[in-house]
Amino acid sequence: MGSALSYLIAFVLPCLDAVLPVVPSETVIIAFGVAVGGSTDPRVFLIVACAALGAFTGDNLAYLIGWRFAPWVERRFFKGEKAAARRDWAERSLARFGTGLIIVCRFIPGGRTAVTLCCGLVRYPWRRFALATAIAAVLWATYAFLAGRLGGKAFEDKPLVGFAVAFGGVLFVSGLIELARRIIAWRRRRARAQAGDDPPTASHGQQTS
């Protein structure tokens, strides 16, 4: 815990993860939690603080990139049918849920990048964005670290098993969040489709009468 390199890694990886989703930031923070296990060393809080600060910085970096380099962002991140669909979903969801979406998407694989970049692209109010990303960063860093710590404490003699259990638990929760998002999106599309069928029917009924 006294290594400056540990704090640097805890900050840099969550920061880079905002624009490079392949960076294993969550994996590393979980691993730190497993490593400390049941330690009561107060310096463990510095790891969580560095991870939260890194996540917050990365989110705001993505916002700035979306704001200042919109054409490049469009070509780099939202080119193709699937990428365009992600942006469309992010814009519609931002208009509907705002800060709540920014917080929740911190826990959805790939969702964080799409939403934070879109916030910059659509000029979402920065103060609201900063507040949401600050809350999301603290929640995420604490959640990932504690998951690892619980796994490490439960399997003190088998750290790899502890890591596997903690990482699997985090993936399971992320999967549940993503499943809920997909179900909600599907139900909304279905509702819009049904609403689109209703007006012609009503109009037809009026003409018939």
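A nonpolar core is a set of buried Ala, Val, Leu, Ile, Met, Phe, Trp, Tyr and Cys residues joined through side-chain atoms within 4.5 Å. Keep that idea in mind as we walk through this structure, which is a predicted model.

## The overall picture

The protein chain has nine helices and zero strands. Following the sequence from start to end therefore gives the pattern α-α-α-α-α-α-α-α-α. Of its 209 residues, 41% count as buried.

## The core

The largest nonpolar core holds 25 residues. Within this core, the residues with the most contacts are L94, I102, V115 and C119. Several helices share in building it: α3 (44-68), α4 (70-77), α5 (81-97), α6 (99-104), α7 (111-121) and α8 (126-154) each give two or more residues. Helix α7 gives the most, with five residues. This fits a broader tendency: in soluble globular proteins, nonpolar side chains tend to be buried together.

## Helix α7, wrapped by the rest

How many residues of α7 are buried? The count is 11 of the 11, so this helix is largely enclosed by the rest of the structure. The buried residues of α7 include V115 and C119, two names you have just met among the core residues with the most contacts. R112 is on the list of buried α7 residues as well. Just after α7, R123 takes a positive phi of about 60°.

## Salt bridges around R112

A search of the whole structure finds two salt bridges. Here they are side by side.

| Salt bridge | Closest N and O atoms |
|---|---|
| D17 with R112 | 3.4 Å |
| D59 with R112 | 2.4 Å |

Where do the partners in the pair D17 and R112 sit along the chain? D17 is in the loop between α1 and α2 (25-36), while R112 is in helix α7, so the pair links distant parts of the chain, 95 residues apart. D59 lies in helix α3 and R112 in helix α7, so this second pair ties together parts that are 53 residues apart in sequence. Taken together, D17, D59 and R112 are linked in a network of salt bridges. Are D17 and R112 buried or exposed? Both of them are buried, and D59 is buried too.

## Helix α1, a helix with two sides

Now let us turn to helix α1 (residues 4-16). At 1.5 Å a residue, its 13 residues should span 18 Å, and its end C-alpha atoms are 18 Å apart, which agrees. The buried residues of α1 are S6, Y7, A10, P14 and C15. They cover an arc of only 160° around the axis, which puts them on the same side of α1. A general rule helps here: an α-helix has 3.6 residues a turn, so residues three or four places apart point the same way. What does the face turned away from the buried side of α1 carry? That face carries the exposed residues A4 and L5.

## A nonpolar patch on the surface

Some nonpolar residues are found on the surface. L16, L20 and V22 form a nonpolar patch there, with about 290 Å² of accessible area together. L16 is found in helix α1. With a relative accessible area of 37%, L16 counts as partly exposed, because that value falls between the 20% cut-off for buried and the 50% cut-off for exposed.

Technical notes. Residues numbered from 1 in each chain as written. Predicted model: local features only at pLDDT ≥ 70, side-chain atom pairs only at ≥ 80, totals over all residues. Heavy atoms only, no water. Helix = DSSP H or I, 4+ residues; strand = E, 2+ residues; numbered from the N terminus. Expected span 1.5 Å × (residues − 1). Buried < 20%, exposed > 50% of the residue type's maximum accessible area, 1.4 Å probe, protein only. Arc of directions from axis to C-beta. Patch = residues over 30% accessible without salt bridge, like charges linked within 9 Å, V, L, I, M, F, W, Y side chains within 5 Å. Areas by Shrake-Rupley, 256 points an atom, 1.4 Å probe, with all protein chains shown as cover. Salt bridge = Lys/Arg side-chain N within 4 Å of Asp/Glu carboxyl O.
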